[in-house]
Amino acid sequence: MKVSSQFATSHFDELLDAIDRGEEVEILRTGKPRLHLVPDSTSVTDSGAKPKEDRILGAGRGELHVPGVGEWAAMDKELERLMNDSPLLPSEHS
């Protein structure tokens, strides 16, 4: 939601309610974004948002891929190639 700074000043409680529902609020001054408010993931309580739960060790098993030693080495070589074989500041003509 985008609102003017005047609206935000006079309707701050409404904006907090919107944030509690999981909405993001952008406050504009003279039509330009000045402030972006986002909900704190631990405080969102309304339905539709994830309820705060205790973390369980191992609950994400299988959801995260951790690269092996060979994959890290390949990524290191690719990063080294990108950093050393490319100009630091690309020219505007290429």
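Student: Before the sheet itself, when do two strands count as paired?
Tutor: Two strands pair if DSSP finds at least two bridges between them. The structure here is a predicted model.

Student: In which sense do β2 and β3 pair, and over how many bridges?
Tutor: Strand β2, residues 25–29, pairs with β3 in the antiparallel sense, over 5 bridges.

Student: Which residue in β3 does L28 stand opposite?
Tutor: L28 has P33 of β3 opposite it.

Student: What is the strand order in the sheet, and is the sheet's pairing mixed or uniform?
Tutor: The order is β1-β2-β3 in an open sheet of 3 strands, and the pairing is mixed.

Student: Why is one side of β1 and of β3 left without a neighbour in the sheet?
Tutor: β1 (2–4) and β3 (32–37) stand at the edges and have a single partner strand each, so one side of each lacks a neighbour in the sheet. From one strand to the next, the twist averages 30°.

Student: Changing topic, which residues make up the largest nonpolar core?
Tutor: That core has 6 residues in all: V3, A8, L15, I19, V25 and I27.

Student: Which elements give two or more residues to this core?
Tutor: Those elements are α2 (12–20) and β2.

Student: And on the surface, which residues make the nonpolar patch of about 310 Å²?
Tutor: L79, L82 and M83 make that patch. Of these, L82 is found in helix α3, residues 69–84.

Student: Is L82 exposed or partly exposed?
Tutor: L82 has a relative accessible area of 42%. Exposed requires over 50% and buried under 20%, so L82 is partly exposed.

Methods:
Residues numbered from 1 in each chain as written. Predicted model: local features only at pLDDT ≥ 70, side-chain atom pairs only at ≥ 80, totals over all residues. Heavy atoms only, no water. Helix = DSSP H or I, 4+ residues; strand = E, 2+ residues; numbered from the N terminus. Axes fitted to C-alpha atoms, helices over the stretch in contact; angles between N-to-C directions. Core = buried A, V, L, I, M, F, W, Y, C linked by side-chain atoms within 4.5 Å. Buried < 20%, exposed > 50% of the residue type's maximum accessible area, 1.4 Å probe, protein only. Patch = residues over 30% accessible without salt bridge, like charges linked within 9 Å, V, L, I, M, F, W, Y side chains within 5 Å. Areas by Shrake-Rupley, 256 points an atom, 1.4 Å probe, with all protein chains shown as cover. Salt bridge = Lys/Arg side-chain N within 4 Å of Asp/Glu carboxyl O.
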